[in-house]
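Visitor: I'm new to reading protein models, and I'd like a walk through this one. Could you take my questions one at a time?

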Amino acid sequence: MDASSKRSFDPRSWDHTFELISWWDAESVRKAKVIVVGAGALGNEVLKNLALLNVGHILVIDFDTIEYSNLSRSILFRPSDCVEGTEAKFKADVAAERVKEINPNVHIRSIVGKIPGDVGLGVFRHADVIIGCLDNRLARLFINRLAYKIGATWVDGGIQNLAGQVTVYRPGESCYECSLGSTDREFIQFQLGCPDIARASVELGRVPTTPLAASIIGALQVTEALKVVLGNDDKLLVGERAYYEGMNNDYFRFKTTPMKSECLSHFTYDPIIEADEMTADLTVEDALDLLEARFNDPAVCIELDQELITEITTRQTEKTYDVIVSKASFGKKMIERYQIQSNEGIVITGEVRELTKTFKHLGLSLLEVGIPRLHIIKVRANGETHFVELSGDEPPFGTPQPQNEHAINKP
Ligand SMILES: [Zn+2]
């Protein structure tokens with residue numbers, strides 16, 4: 001390309017056409033912060049739409065790598081992205097690159113990781129709306145619970161063959177977990193207790209999808225997300241589900257299950273304390289010291305979201321290993337990592353549910369014990385539970401915060 005063929009465009013001309021729409025508010029869309037969880041078939045369509053609409057700030061989260069079989073439903077991926085082994089490319093990273101190519105005005109970041117363990121709760125607090133582009137119930141349940149904790153609205157979408165559905169969940173008004181039947185609930189509880197089975201059942205539960213359903217449902221999801229951004233709350237699909245089926249040209253809406261009084265999702269972190277002096281890079285010891293100073297309680301402790309396994313022992317040879325792994329990641333991989341004979345099996349002989357000054361590995365960072373950046377940790381002090389955000393970590397959108405003078409071990 002010679003220099004004369006390069007043209008610079010006025011960024012404001014991108015959404016000029018949309019400004020002719022009476023209800024459009026270009027400024028709000030440019031300022032919008034949207035999180036997209038999942039960069040598969042739906043995620044691709046959703047991200048493409050957000051880019052075209054000039055949505056200003058996007059964070060895309062996905063743990064998976066691109067495979068050749070993804071290409072038939074992924075407008076953002078190319079055959080050259082399908083690389084095997086250590087060179088494999090992550091969906092979130094490539095999707096973010098392609099969004100930038102489509103519309104350089106968009107600020108997009110990617111996180112390669114899983115929900116909820118790899119992404120701090122505070123990350124989601126910074127968004128106006130979360131769009132779930134997920135392919136299994138367990139992941140939806142995680143998003144629902146985290147969104148409820150921080151009072152966030154999330155747009156759920158699902159596709160199968162030529163069909164799909166969209167719903168908006170808003171804490172206090174509608175809830176994904178309440179919509180689950182008793183069999184679904186029991187199965188999910190079972191999956192939560194057995195990570196290996198959860199992974200296997202997600203694989204087994206995969207359904208055939210088409211780019212046709214993905215574009216229609218992805219467009220509906222972004223339409224709902226736009227309503228959140230533009231404040232058209234009364235038009236949202238809250239408490240309702242839109243269903244589309246292409247073969248018979250069916251499109252209809254129906255009421256979702258009303259909120260139940262007993263539901264594990266209904267838990268809100270309030271108030272959330274923004275602790276600028278705290279980051280996930282702090283050692284457990286430094287974090288406890290800072291919390292002790294903040295709450296003036298020497299017996300302060302951090303309640304973990306789930307058990308942290310600290311020791312395993314082989315069943316037959318009774319060999320003991322010091323480990324640091326969350327219960328969610330526990331399973332077959334542990335056997336492989338420690339080269340334990342698979343017929344021998346292992347038992348957990350050490351686990352902690354909270355971090356106190358008696359924790360064996362006080363020198364490890366919060367990150368190393370499984371607390372992600374910008375997480376909101378549960379702190380017990382003076383007989384009460386407090387919700388403390390690691391606000392010293394870099395925010396997911398916009399320019400990084402100025403360094404806090406109290407921050408310790410900041411990279
Ligand atoms: Zn519920």
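Guide: Sure, and keep in mind that this is a predicted model. Let's begin with a pair of helices: H2 and H8 cross in a right-handed way.

Visitor: At roughly what angle do the axes of H2 and H8 cross?

Guide: The two axes come within 8 Å of each other. An angle that is neither roughly parallel, roughly antiparallel nor roughly perpendicular counts as oblique, and H2 is oblique to H8. The crossing angle is roughly 50°.

Visitor: Which residues of H8 make the contact with H2?

Guide: From the H2 side come Ala41, Leu42, Glu45, Val46, Asn49 and Leu50. Sorted by class, the contact of H2 with H8 holds nine nonpolar, four polar and one charged residues. On the H8 side you'll find Pro211, Ala214, Ser215, Ile217, Gly218, Ala219, Gln221 and Val222.

Visitor: How many of the 20 residues of H8 are buried?

Guide: To count as buried, a residue needs 20 or more other C-beta atoms within 10 Å of its own. Enough residues of H8 pass that test for the helix to be largely enclosed by the rest of the structure. The count is 15 of the 20.

Visitor: How far apart are the end C-alpha atoms of H8?

Guide: H8 covers residues 211-230. At 1.5 Å a residue, its 20 residues should span 28 Å. The model agrees with that, because the end C-alpha atoms are 28 Å apart.

Visitor: And which residue follows H8?

Guide: Look just past the helix for a residue with a positive phi, near 80°. That residue is Gly231.

Visitor: Let's go back to H2. Is H2 roughly parallel or roughly antiparallel to H3?

Guide: H2 (residues 41-52) and H3 (residues 91-102) pack with their axes 9 Å apart, at an angle of about 30°. Angles under 35 degrees count as roughly parallel. So H2 is, relative to H3, roughly parallel.

Visitor: Which residues in H3 does H2 meet?

Guide: H2 brings Gly43, Asn44, Leu47, Lys48, Ala51 and Leu52 to this contact. By class, the contact of H2 with H3 has six nonpolar, two polar and one charged residues. The H3 residues they meet are Ala95, Val99 and Ile102.

Visitor: What do the buried residues of H3 pack against?

Guide: Those buried residues are Lys91, Ala92, Val94, Ala95, Ala96, Arg98 and Val99. They pack against one helix and two strands: H2, E2 (57-62) and E3 (107-112).

Visitor: Which residues is Ala96 in contact with, leaving aside its neighbours within four places in sequence?

Guide: Ala96 sits in helix H3. It has 23 C-beta neighbours inside 10 Å, so Ala96 counts as buried. Its contacts are Val60, Ile108, Arg109 and Ser110.

Visitor: Now for the loops. Is Gly172 buried or exposed?

Guide: Gly172 lies in the loop between strand E6 (163-169) and helix H6 (182-193). It has 10 other C-beta atoms within 10 Å, and a residue with 12 or fewer counts as exposed. So Gly172 is exposed.

Visitor: Last one: which residues does Met259 touch, not counting those up to four places away in sequence?

Guide: Met259 is in the loop between strands E8 (250-255) and E9 (272-275). With 17 C-beta neighbours inside 10 Å, Met259 counts as partly exposed. The residues that Met259 touches are Ser174, Cys175 and Cys178.

How values were computed. Residues are numbered from 1 along each chain as its sequence is written. This is a predicted model: local features need pLDDT of at least 70, side-chain atom pairs count only at pLDDT 80 or more; totals for chains, interfaces and linings use all residues. Axes are lines fitted to C-alpha atoms, for helices over the stretch in contact, and angles run from 0 to 180 degrees between N-to-C directions. Helices (H or I, at least four residues) and strands (E, at least two) are DSSP runs, numbered from the N terminus. Angles under 35 degrees count as roughly parallel, over 145 as roughly antiparallel, 65 to 115 as roughly perpendicular and the rest as oblique. Two residues are in contact if their C-beta atoms, placed from the backbone, lie within 7 Å. Ala, Val, Leu, Ile, Met, Phe, Trp, Tyr, Cys and Pro count as nonpolar, Asp, Glu, Lys and Arg as charged, and the others, Gly among them, as polar. The expected span of a helix is 1.5 Å times one less than its number of residues. A crossing is left-handed if the near helix is turned anticlockwise from the far one by less than a right angle, and right-handed if clockwise.
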